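Q: I have a model open and would like to learn how to read it. Could you take me through it feature by feature?

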Amino acid sequence: MTKTWLITGTSTGFGKSLATFLAQKPDVNLVATARHTDQLSYLDPYDHGQILKLTLDVTNRTEIAAAVQDTKEKFGRIDVLINNAGLGYFGTFEESDRDAVEYMFNVNVWGLVDMTRAVLPTMRAQKSGIIVNFSSIAGLASFTTLSFYNGTKYAVEGLSESLAQEVADQGIKVMLIEPSGFRTDWAGRSSQKTLPQIDAYQQFAARIEGNAKEAHHEAGDPDKAAAIIYDQVTNHAADLPLRLPLGQYATDTAIEKYTKNLAAFKRLHDLSVSADQPEK
Ligand SMILES: NC(=O)c1ccc[n+]([C@@H]2O[C@H](COP(=O)([O-])OP(=O)(O)OC[C@H]3O[C@@H](n4cnc5c(N)ncnc54)[C@H](OP(=O)(O)O)[C@@H]3O)[C@@H](O)[C@H]2O)c1
């Protein structure tokens with residue numbers, strides 16, 4: 001059966017790789033959205049009527065509603081929503097710019113929330129759908145100079161995990177994508193940077209500058225990520241993982257973090273239990 005995929009942020013990076021991959025699949029209707037659709041001409045060679053390009057800024061709820069409406073008018077349904085659009089921010093917790101990180105929350109968290117809530121009525125009516133939310137390994141493990149980005153992605157993790165339980169009976173599934181560094185525009189143009197001014201934080205200046213310099217040299221290949229996501233959604237929908245780390249660093253870090261947490265929870269078990277009222 002042909003499935004309709006709606007993707008946010010397809011101008012560059014993961015979104016562009018996914019859109020390019022899906023545009024060549026015979027079982028896909030593709031709704032490629034971007035803030036500026038003139039950046040989507042890379043799709044033209046593949047378009048034989050199965051591609052819809054839409055203007056969509058995920059912080060604009062009027063545009064979100066219009067995108068969902070236009071998708072349903074053209075293709076009649078929405079099978080897969082990919083909440084991909086996102087930004088980064090490098091700076092220490094104390095010195096990060098309040099307005100800039102609030103805007104990042106508006107894109108990474110509220111944009112994803114508003115997109116999902118706009119699509120859920122359609123998926124509930126269909127009694128089927130898959131929501132793919134771009135988190136990050138930074139949604140599972142925390143890093144210096146990324147506290148607010150960590151905050152956005154931990155929020156995506158918590159929202160998604162709860163939503164997955166609420167919609168399971170409706171035939172709707174949720175999958176979190178947790179990449180480590182991938183060769184996209186994220187660490188470069190999509191991440192603001194604030195270098196430390198306070199002496200105590202000078203030790204982090206090199207890390208902030210290093211992240212920007214590393215942009216486009218990361219280990220992860222977004223084209224391979226696109227193929228993996230398509231395969232999971234298309235061929236493994238019945239046992240779709242809630243969490244999918246992508247990249248060696250992501251999976252190693254996830255295993256290390258969960259192993260350490262598990263050991264700590266076990267060590268503290270009796271103390272933790274002792275906080276309850278005695279059983280009656
Ligand atoms: N690359 C990595 O290493 C990495 C690792 C873990 C997670 N991620 C996540 O992967 C996702 C995609 O990022 P990427 O790595 O592919 O970076 P990217 O190449 O910079 O792509 C980001 C995309 O988000 C779009 N976007 C930004 N603000 C938007 C808004 N308000 N409304 C709609 N679209 C908006 C951008 O559009 P414009 O062209 O209009 O700016 C662009 O298409 C993000 O959620 C990011 O946090 C990336």
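A: Happily! Let's start with a pair of helices. This is a predicted model, and in it the axes of helix H2 (residues 61-75) and helix H3 (residues 98-126) come within 10 Å and cross at roughly 35 degrees. The crossing of H2 past H3 is right-handed.

Q: Which residues of H2 and H3 make the contact?

A: A general idea helps here: an α-helix has 3.6 residues a turn, so residues three or four places apart point the same way. In this case H2 contributes Arg61, Ile64, Val68 and Lys72. From H3 come Gly111, Asp114, Met115, Ala118, Val119 and Thr122. Sorted by class, the contact has five nonpolar, two polar and three charged residues.

Q: How do I read a nonpolar core, and which residues have the most contacts inside the largest one?

A: Think of a core as a set of buried nonpolar residues joined through side-chain atoms within 4.5 Å. Here the largest has 39 residues, and Leu6, Leu81, Met115, Val119, Met123 and Ile131 have the most contacts inside it. Several elements supply at least two residues each, among them H2, strand E3 (51-55) and helix H7 (248-267). H3 gives the most, with eight residues. For a close look, pick valine 119: beyond its sequence neighbours up to four places away, it touches Leu6, Val68, Ile78 and Leu81. There is also a second, separate core of 31 residues, which includes Ile7, Ala32, Val80 and Leu240.

Q: Is valine 80 buried or exposed?

A: The cut-off to keep in mind is that buried means under 20% relative accessible area. Valine 80 has a value of 0%, so it is buried. This residue lies in strand E4 (residues 80-83). Leaving out residues up to four places away in sequence, valine 80 touches Thr4, Trp5, Leu6, Met123, Ile130, Val132 and Val233. Try one distance yourself: the C-alpha atoms of valine 80 and leucine 30 are separated by 9.8 Å, although these positions lie 50 residues apart along the chain count.

Q: Why is helix H1 (residues 13-23) called largely enclosed?

A: The same reading works for a whole helix. Eight of the eleven residues of H1 are buried, so the rest of the structure largely encloses this helix. The buried ones are Gly13, Phe14, Gly15, Ser17, Leu18, Ala19, Leu22 and Ala23.

Q: What does the UniProt record place at residues 3-180?

A: An unreviewed UniProt entry gives the feature "domain: Ketoreductase" there. In the model, the chain over residues 3-180 is 43% helix and 21% strand, and its end C-alpha atoms are 28 Å apart.

Conventions: Residues are numbered from 1 along each chain as its sequence is written. This is a predicted model: local features need pLDDT of at least 70, side-chain atom pairs count only at pLDDT 80 or more; totals for chains, interfaces and linings use all residues. Side-chain values use heavy atoms; hydrogens and water are left out. Axes are lines fitted to C-alpha atoms, for helices over the stretch in contact, and angles run from 0 to 180 degrees between N-to-C directions. Helices (H or I, at least four residues) and strands (E, at least two) are DSSP runs, numbered from the N terminus. A crossing is left-handed if the near helix is turned anticlockwise from the far one by less than a right angle, and right-handed if clockwise. Contact means heavy atoms within 4.5 Å. Ala, Val, Leu, Ile, Met, Phe, Trp, Tyr, Cys and Pro count as nonpolar, Asp, Glu, Lys and Arg as charged, and the others, Gly among them, as polar. Buried means under 20% relative accessible area, exposed over 50%, partly exposed in between (1.4 Å probe, protein chains only). UniProt positions are given in the numbering used here, feature names are shortened, and annotations may be inferred rather than shown by experiment.
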